[in-house]
Amino acid sequence: MLHFLFSALLEDQEGNRAHNLTAEYRQQRVHAADLRWQSTSAPFIYVSWLFLACIAKLLFTRATSLTKIFPDSSLLIALGLAIGSFLEQSQVSKAHFTLESHLFFLYLLPPIIFEAGYFMPNRAFFKNWDSILLFSVVGTLFNALAIGFSLHFLSGFITFAHEFTIFEILQFSSLISAVDPVAVIAVFEEIHVNDFIFVNIFGEALFNDGVTVVLFNLFKQFSWLDEPQAVDYVAGTASFFVVSIGGLIVGLLAAFLTAILTKYSDHVLILAPCFIMLVPYMGFLAAETLSLSPIIAIAVCGMVMKQYIKGNMMSSSSEAVIFLFLGLSAMAKSDMQWDTAFVSLTILLCIVVRTIGVIVQCALLNRFRGKAFSMVDQFILSYGGLRGAIAFGLASSISSSVPAKGMFLTTTIAVICFTVFLQGSTIRPLVNYLKVETKNPDDPTMTEAVYSKYLDYVIAGIEGIAGQKGHASVAHGFERFNNNVLCPILMKNHSKTRNFDATKIVRAYSKLTLRDAMNLSSKWQNNKIAAISRQQQSHVLPTTLRLPFEHWLKELKACPGHETACPLSQPHMAALFGIFSNMLDKRMKEMQDVLASQHGDEGFCDDYNTQTQRVGPSSRAADVDSAQVRHSIPDLSHFSSIDERTERESHPKHVQFIV
Amino acid sequence: MQFLFDCDCTQEMNKSTNIIAVNRNQIVRLYSRFLSLDKKGQGFLEREDLMNVPELAVNPLGDRIVDAFFTLAGDELESEKRLNFRQFVRVLAFFQPIDRSKKNSLNGRTDKLKFAFIMYDLNKNGYITREEFKVILNSMVGANITTDQLDKIADRTIEEADVDHDGRISFDEFCKAMEKTDIEEKMSIRFLN
């Protein structure tokens, strides 16, 4: 579908460019400087829109009163609509600001989907692969067919603005029934639902492309045929599997290629990020060339790559641009046709059919799964089925020979606006009202980190005894395969070990220790500051640490048996105390430097839900990376125990000196 | 003969104090599994039989799981180390998904936690000491981290759970530490009918 558009527009652009460059402006006089708008207009305009979208997004983060109600995406669409109508009034040439399908699909979409795949919570994904697959394939299929046939049936009773054949309406229904990953990310990242709901709806949004685009193309091709024959239907059905599985394979290949290339390119550091950007994008384009699913390809590539690569990720502002353009294009299209009956029926059907689909599928899943979908979960899943720019892109690529195209296009925009504005803005209060379990913001305690791994192994073992291949044993089997076969090939410095990946546990430990260290450091800092301020009042004290030392000494003297534990005289003890608080300061500073150097370097979360909920929607907060910090964890347990002893009321049993 | 055995089993099961809702199909399935594990045809399982299960052979906690199985199953006849079918089903029934509406949901959670606890408690004195914990941790992740880090992690985890600061974790402290974890979901296997 896209290559037709792409080639057509490419010719047009080349023609334009040639015209611009060769239209040398014959000037009368020599000018010192010139206005060369013609030669730079096209890229300049695109970049200006990008810039505008980023500024808009920035402004929205400031206007907190508005963003509390409406999600960012809806505000951007509104802004786009406003700007579009303004430009329409002032009769600026439409060519400058319409969102061509190819611009959207080939440039704006890939970074978003790749990043989405990269930040997909892998563990939750693999636990729910069955429900995600069901929702994205069967659910979308059901939605498309149900909406299409219902509309076709209703067109017998109600006259719409335009007539349409069965295949045309099925084309429309297949594009309108797809949940959009961009819209879902944009709305759900602000409301922090628990991983379970998020991964289900997000996984569905990502993988239903395999079905949507196939159906769309299928019905498009069918509408051209006069007499669809059996072989056409067979080929159509086969194309589902080919497209989805083909996309999957392309994604896996791209991921492995990137991993291997980055493994061997560590001598030339600049190449690694280049590969990470280029290879997935090439995979996307390759999939599109082979008429496989490019979205699945690049999403799978991102997900798989995560394990084997730690690199810098570009933060994408494409999301903002997409929504802005959506609003703009809505105004710009001249062939719009508003048909109230059609629009309202479509919206109604979308909601109703989706709800029915979700309920039926969840009922089926609950019979076979451990983790059940509660009523609240099902409600959020059906309510969170937002439509977005992908539907719009597909709608604008419907061939103009279809008479109802204008009506379809308008309805698509209306549905998108409805879902994004209404559902997007009401979903947050609903989530709060229904007390949906939100993502636990606390860092995992050591207990949880250790025991979750432990329980997985236990269950895998019990499943083995019971002779059943359940989730845990499949996950365990994959983990072993990954460790023994894939990681040595794809990662550098990975040795085959019989035992398994401890990074989560070590990371949790590092995080907690650092947190304690920071707390400790700030306590000491406060003590020092207090001491300094006291020193300035009385000039008797020789060192700034005198006061805390005295306090500590008093505690020590108060506890029984201290003479035997601390045989040193007081001046010696003071000196020792001074030495080791200096050491502590130095160590603290070191660790703070390590932590500071993590910012923007290797530190980032590899899970979409955790990283977005830390600071804000689109900023990347640093996370402690275990690989770096592991080697510089100082032995702080003793320090912390001393601090506690000075703080606590109860008498310490003995004091440990670290020299 | 086989079906008679099954009926007896079901009746026995329903009579036992621990109300295990195992239906007839599940019992038939588990019985065929039992028979396939019991290669020598002795009518009971020994440790080697279970250790031969391929999944357990590669599981880092394999031997601990088998040990816990035998301990929980035959707690009256500890020395025997034999597992008959009734005991086999009884232990596996611990891992049934808990129906939260039913009254014995609390029992179910405690049973599951008991299994996890027993795996740690090597000498079966009802407490997990630091050394026992280190052993388990070592078998799970030992090769990837240094002994020093292992010690620290073990210390940290024990510290978090150890409410009365006696340096070891009792069953109650263990339950409390696992409060936040969704045990009912994590430690459940749905036996396919």
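Student: Let's start with R130(B): is that residue buried, exposed or in between?
Tutor: Keep in mind that this is a predicted model. The relative accessibility of R130(B) comes to 29%. Buried would need under 20% and exposed over 50%, so R130(B) counts as partly exposed.

Student: Which side chain does R130(B) meet in a salt bridge?
Tutor: The N to O distance is 3.0 Å, inside the 4 Å cut-off for a salt bridge. The partner on the other end is D155(B).

Student: How many residues apart are D155(B) and R130(B)?
Tutor: D155(B) sits in helix α9 of chain B and R130(B) in helix α8 of chain B, so the pair links distant parts of the chain. At 27% relative accessibility, D155(B) counts as partly exposed. The separation between D155(B) and R130(B) is 25 residues.

Student: Staying in helix α9 of chain B, how far apart in sequence are D148(B) and K152(B)?
Tutor: Their side chains meet in a salt bridge at 3.2 Å, N to O. Both lie in helix α9 of chain B, about one turn of the helix apart. In sequence, that is four residues.

Student: And which of the two, D148(B) or K152(B), is buried?
Tutor: D148(B) has 49% relative accessibility, which makes it partly exposed. The other partner has a relative accessible area of 18%, and the limit for buried is under 20%. So the buried one is K152(B).

Student: Which residues do salt bridges with shared partners join into one network?
Tutor: Side chains of opposite charge can pair when their charged atoms come close. Here, salt bridges that share partners make one network out of R47(B), R64(B) and D67(B).

Student: Over to chain A: how many residues apart are the parts that E204(A) and R354(A) tie together?
Tutor: Their side chains form a salt bridge at 3.1 Å, N to O. E204(A) is in helix α10 (residues 195–207) and R354(A) in helix α16 (residues 340–368), so the pair ties together parts of chain A that are apart in sequence by 150 residues.

Student: Are E204(A) and R354(A) buried or exposed?
Tutor: The cut-off to apply is under 20% relative accessible area for buried and over 50% for exposed. Both E204(A) and R354(A) come out as buried.

Student: How many salt bridges are there between chain B and chain A?
Tutor: Over all chains, the rule gives eight salt bridges. Between chain B and chain A, the count is zero.

Student: Which helix gives the largest share of the side of chain B that touches chain A?
Tutor: The two chains bury about 4,500 Å² between them, 64% of it on carbon and sulfur atoms. The largest share of chain B's side, seven residues, comes from residues 130–141, that is, helix α8 of chain B.

Student: How many residues on that side of chain B are nonpolar?
Tutor: Chain B puts 52 residues into the contact, and chain A puts in 45 residues. On chain B's side, nine are polar and 11 charged. The nonpolar count is 32.

Student: Which residue in the loop between α13 and α14 of chain A has a positive phi?
Tutor: The loop runs between α13 (271–289) and α14 (294–308). The residue is not a glycine, yet its phi is near 55°. With 47% relative accessibility it counts as partly exposed, and it is S291(A).

Methods:
Residues numbered from 1 in each chain as written. Chains lettered and ligands numbered in written order. Predicted model: local features only at pLDDT ≥ 70, side-chain atom pairs only at ≥ 80, totals over all residues. Heavy atoms only, no water. Contact = heavy atoms within 4.5 Å. Buried area = accessible area lost by both parts, 1.4 Å probe. Helix = DSSP H or I, 4+ residues; strand = E, 2+ residues; numbered from the N terminus. Nonpolar A, V, L, I, M, F, W, Y, C, P; charged D, E, K, R; others polar. Buried < 20%, exposed > 50% of the residue type's maximum accessible area, 1.4 Å probe, protein only.
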